[in-house]
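User: Please go through this model with me, and for each label that you use, set the value against the rule behind it.

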Amino acid sequence: ISSLCIKYHIYNMKDALPTREEQLSTLRNTEEFDVLVVGGGATGSGCALDAVTRNLKTALVERSDFSSGTSSRSTKLIHGGVRYLQKAIMKLDYEQYMMVKEALHERANLLNIAPHLSAPLPIMLPVYKWWQLPYYWAGIKMYDLVAGSQCLKSSYILSKSKALELFPMLKKDKLVGAIVYYDGQHNDARMNLAITLTAARHGAAIANYTEVVHLLKKPDPKTGQEKVCGAHCRDIITGQEFDIRAKCVINATGPFTDSLRKMDSQKTANICQPSAGVHIVIPGYYSPDNMGLLDPATSDGRVIFFLPWEKMTIAGTTDTPTEVTAHPIPLEDDINFILSEVRNYLSPDVEVRRGDVLAAWSGIRPLVTDPNSKDTQSICRNHIVNISDSGLVTIAGGKWTTYRSMAEETLDAAIKAHNLSAGPSRTVGLMLDGGKDWTPTLYIRLVQDYGLENEVAQHLAATYGGRSFEVAKMAQVTGKRWPIVGKRLVSEFPYIESEVQYAIKEYACTAIDVIARRTRLGFLNVQAADEALPRIVEIMGKELQWTEQKKNEELEAAKKFLHLEMGYKARSEQLSKATEISLTAQEIARYKKRFYKFDKESKGFITTVDVQQVLEKLSIHIDENALHEILNEVDLNKNGQVELDEFLQLMCAVQRGQISDSRLAILMKTAEEGLDLRGPVSVDRSGGGV
């Protein structure tokens, strides 16, 4: 099979990525870099790519993983900002207008340079009052006009019936019509990684899990003033410390901007005003496959997006002041706020249940204030480039879509301030990793040449672009008639085991890197991610030669990540919070009857053995380990058995919509129905028992 693809993908040694160890060796042993970028998010990676393509000797360090912070926790939109344009028009704010114009230019560029990771997405704005229709239409048309020749597709008005045809989940009452406009959507963590890997392939020395301990300084020979000349770093994985010397240091640390600024000077005033944005993921049936929704006026004035993403539905975002932390946690209040807003514009036929939240996360927006500006509110969504007295260049604020232009502006300022020898930026139109060889039909070659499932092939093409052949080449034979290669990590998602091996080539160092950023499993479904973890750790352990202790540590760290940062805790607490059993006497009697079909001896509890015996009668076979997992979800006191009270609590939570996919509840209901259907065999049918 592999021979079929040799003609398509022969990579020379120059094209191969250096290993992380080789990158660290370059960082340690290079006498002096032109530029050292601190921070591996979208902006930091953008700065590294801009610098290295201007032929500057470039280094980048990130204390966690690339895109581990805000850049992987966005709304997944590449947009100009419809609401900013509204502010610009209403307040005659030229700066806001230029910000939208720049973002729309960058939107077009990003869709062009990473076609495998991004695509235009139609977004519907439902209208419930007649007077709003011309008002919103004028605003959206202005959005098209500002985009000019880079307008993705022209916006248009829909009648009520057509809007409901395209978005059948919409609330019909009082709906007047709708307006549809286009923005871009992308896989943010993979996009960030593509920028980082492109910088590495152009010669930048990059390393994740490498933190700056303190900045290096030396006196300026002319003035005697202390100037930043590099950083003392520590490899978090090995503990090894070393110096990286550079003519210029760029601070692109997002929410942690002020931490690095204070390493430069303790007297520096804070410029970052962190804001938490929470998003939730709910099943794909909540939205059409290719149509998003914008609620421009929620109950408290915030804008809510409701978008299809990776065959799921993503809803958000909130906007609340927060403290800077490396591990933001989604709060139950924020999750419920989003759900209540979603209920406002979905049909009453669609029951929006808390239990349908498959994952939730919080991202910290690094909003900035300019100490020199009187009016900080109007620029809080923009960015600033600041150069300290000691020469530290800081880029702060901005948004995902404008990462490239922010990087260009930062490098222009850095080159001027540090007298670096470099030409103009070359990143407009520069294809990102995997984009060059991608075509919309590339996945067909993967199916034909390797025998991958159609869904898996489409996923690989949309994730790795032209490099998806490398992942397919590593996939193991399944032993089945179909698919020939590509064993899935979990049945309902197209992620395959060879992606874990390939993730290590892309500098994944931990199991969290794989479930959160190399794949997006942790962001899409925390339970599925939890289920895939043991196999992921096993594959990584073999590749990276982990000890059993290291494997256990990785497993626990990843479970903690899912529990706290991806909303598993908030999800699992829905059952334990339902302590008050608010069922009617009739419902209690019905559920007790169901329970005692399993608890034959009236012990007051059921075990895996009880469930197994009932299932055997129905010729249903479930693995014992899987049964343990199913019961463990409901076993609140963790004593290995499910008591009647726990079962009634479960059924109450299911009824309230706090839990939507309890395997035990569905299994017992199905088994009860199966037993009732069987019933006793009548005498005439049995031949009188003879």
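Labels and their cut-offs

Analyst: Asp-513 counts as buried because its relative accessibility is 0%, and buried means under 20% relative accessible area, with exposed over 50% and partly exposed in between (1.4 Å probe, protein chains only). This is a predicted model, in which local features need pLDDT of at least 70 and side-chain atom pairs count only at pLDDT 80 or more, while totals for chains, interfaces and linings use all residues. Residues are numbered from 1 along each chain as its sequence is written, and side-chain values use heavy atoms, with hydrogens and water left out.

User: What makes the pairing of the side chains of Asp-513 and Arg-517 a polar contact?

Analyst: The two side chains come to 2.8 Å, and a polar contact is a pair of N or O atoms within 3.5 Å, of which, within protein, one must be able to donate a hydrogen and the other to accept it; residues adjacent in sequence count only if both atoms are side-chain atoms. A polar atom of the Asp-513 side chain also lies 3.1 Å from the backbone nitrogen of Thr-510. Asp-513 itself sits in helix H15 (residues 511-518), where a helix is a DSSP run of H or I with at least four residues, a strand is a run of E with at least two, and both are numbered from the N terminus.

User: Which residues does Asp-513 contact, leaving aside neighbours within four places in sequence?

Analyst: Asp-513 is in contact with Asp-65, Tyr-209, Tyr-507, Ala-508 and Arg-518, contact meaning heavy atoms within 4.5 Å.

User: Why is Cys-229 not counted in a disulfide?

Analyst: A disulfide is a pair of cysteine sulfur atoms within 2.5 Å, whereas the sulfur of Cys-229 is 12 Å from the closest cysteine sulfur, in Cys-248, and is therefore too far for a bond. The structure holds zero disulfides. Cys-229 is buried, with a relative accessible area of 6%, while Cys-151, at 23%, is partly exposed.

User: How do you know that strands E1 and E10 pair?

Analyst: Two strands pair if DSSP finds at least two bridges between them, and E1 (residues 33-38) is joined to E10 (residues 241-251) by five bridges, the two strands running parallel. Within that pairing, Val-35 has Cys-248 as its bridge partner in E10. E1 also pairs with E2 (residues 58-61), again in the parallel sense, over four bridges, and here Val-37 stands opposite Leu-60. From E1 the chain passes through helix H2 (residues 42-52) to E2 in a right-handed β-α-β crossover, a label that applies if, with the strands pointing away from the viewer, the path from the first strand over the helix to the second runs clockwise. Six of the six residues of E1 are buried, so the strand is described as mostly covered.

User: What makes a group of residues a nonpolar core?

Analyst: A nonpolar core is a set of buried Ala, Val, Leu, Ile, Met, Phe, Trp, Tyr and Cys residues joined through side-chain atoms within 4.5 Å. The largest one has 62 residues, and those with the most contacts inside it include Phe-493, Leu-521 and Met-540. Helix H17 (residues 526-544) supplies the largest share of this core, nine residues. A second, separate core of 42 residues includes Val-35, Leu-49, Leu-111 and Ala-199. Leu-521 touches, among others beyond four places in sequence, Phe-493, Ile-515 and Ala-528.
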